[in-house]
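Work through the exercises below with the sequence and the model at hand. Each task is followed by a solution in steps.

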Amino acid sequence: MDLGDYIRESVFEDKYTYLFNLIWENFEEDGFVITDEENNEIDCIFKAVAIQNLIGEFIYRLYDEVNETDFETVVKSLADLGIGEEAIIEYCENNEEIDVEEDPGATIKNGLDYTTQIVADKLLDMFTSTDIFDYFFTATYDFEQDFTFAFEDTDEFLSFVDSNQDKLDEYKEEYISVLNWVDSGMVV
């Protein structure tokens, strides 16, 4: 199976699919993730799960829901590709920015934490903080009270964001602490 397809179908398959696709496509275009070369599986899975983690943190800050993304998501996704924990640990050991510990789980968690930081930095390089807020908010907010809308693809998602800028600006004012979290780098 193609790695990009696997990530879209298995890691990103949920109600935030169009947000995930928007981010992932921009990452691919910029060369931040490479899905068509061998041996990129571990890096790509870490980055995909980091995106999930950031969206989970956004949801936590907006709705006070628990962020359930953790290092076990990395382990499971890679196990589905036939990559074991030993290879993940070796990947972490080969990156001097990741703290390696005796406990393999702690090392993988450190790897996810480090990757979440670089993914957050990359998002802020590629998009403005207000765009990130608009995209995350539109993907995660239940618009039933204000809008009745179901997205069919990423273009329709972006069109919705563009056409509802005034309303989204009101939400930024209402959730200023969440916008400040995005502005400050999105990592606790």
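**Exercise 1. The two sides of helix α9**

Task: Find which residues of α9 are exposed, which are buried, and what the buried ones pack against.

Solution.
- Step 1. The model is a predicted one. In it, Asp 166, Glu 173 and Glu 174 are exposed, on the other side of α9 from the buried residues.
- Step 2. The buried residues of α9 are Leu 168, Tyr 171 and Lys 172. Viewed along the axis of α9, they fall within an arc of 105°, so they line one face of the helix.
- Step 3. Those buried residues pack against α7, α8 (154-163) and α10 (176-183).

**Exercise 2. Salt bridges that involve α9**

Task: Determine which residue forms a salt bridge with Lys 172, and which with Lys 167.

Solution.
- Step 1. Lys 172 pairs with Asp 134, and their closest N and O atoms are 2.7 Å apart. Lys 172 lies in helix α9 (residues 165-174) and Asp 134 in helix α7 (residues 129-140), so this salt bridge ties together parts that are 38 residues apart in sequence.
- Step 2. Both Lys 172 and Asp 134 are buried. A network of salt bridges links Asp 134, Asp 169 and Lys 172.
- Step 3. Lys 167 forms its salt bridge with Glu 170, the closest N and O atoms being 3.4 Å apart. Here both residues lie in helix α9, three residues apart, which is about one turn of the helix.
- Step 4. For Lys 167 the relative accessible area is 26%, so this residue is partly exposed. Glu 170 has 46% and is partly exposed.

**Exercise 3. A salt bridge between distant parts of the chain**

Task: State how many salt bridges the whole structure holds, then describe the one between Lys 122 and Asp 30.

Solution.
- Step 1. A search of the whole structure gives nine salt bridges.
- Step 2. In the pair of Lys 122 and Asp 30, the closest N and O atoms are 2.3 Å apart. The pair links distant parts of the chain, with Lys 122 in helix α6 (residues 104-126) and Asp 30 in helix α2, 92 residues apart.
- Step 3. Is each partner buried or partly exposed? Lys 122 has a relative accessible area of 16%, under the 20% limit, so Lys 122 is buried. Asp 30, at 42%, is partly exposed.

**Exercise 4. The surroundings of Ile 23**

Task: Locate Ile 23 in its helix and list its contacts beyond its sequence neighbours.

Solution.
- Step 1. Ile 23 sits in helix α2 (residues 17-30). Its relative accessible area is 2%, so Ile 23 is buried.
- Step 2. Apart from neighbours within four places in sequence, Ile 23 is in contact with Ile 51, Leu 123 and Phe 136.
- Step 3. Ile 98 is 75 residues from Ile 23 in sequence, and the C-alpha atoms of the two are 24 Å apart.

**Exercise 5. Cysteines and disulfides**

Task: Explain why Cys 92 forms no bond with Cys 44.

Solution.
- Step 1. The search of the whole structure finds zero disulfides. Cys 44 is in none, and its nearest cysteine sulfur is that of Cys 92, 15 Å away.
- Step 2. A disulfide needs two cysteine sulfur atoms within 2.5 Å. The sulfur of Cys 92 has its closest cysteine sulfur, in Cys 44, at 15 Å, and is therefore too far for a bond.
- Step 3. Cys 44 is buried, with a relative accessible area of 0%. Cys 92 also counts as buried, at 0% relative accessibility.

Conventions
Residues numbered from 1 in each chain as written. Predicted model: local features only at pLDDT ≥ 70, side-chain atom pairs only at ≥ 80, totals over all residues. Heavy atoms only, no water. Helix = DSSP H or I, 4+ residues; strand = E, 2+ residues; numbered from the N terminus. Buried < 20%, exposed > 50% of the residue type's maximum accessible area, 1.4 Å probe, protein only. Contact = heavy atoms within 4.5 Å. Salt bridge = Lys/Arg side-chain N within 4 Å of Asp/Glu carboxyl O. Arc of directions from axis to C-beta.
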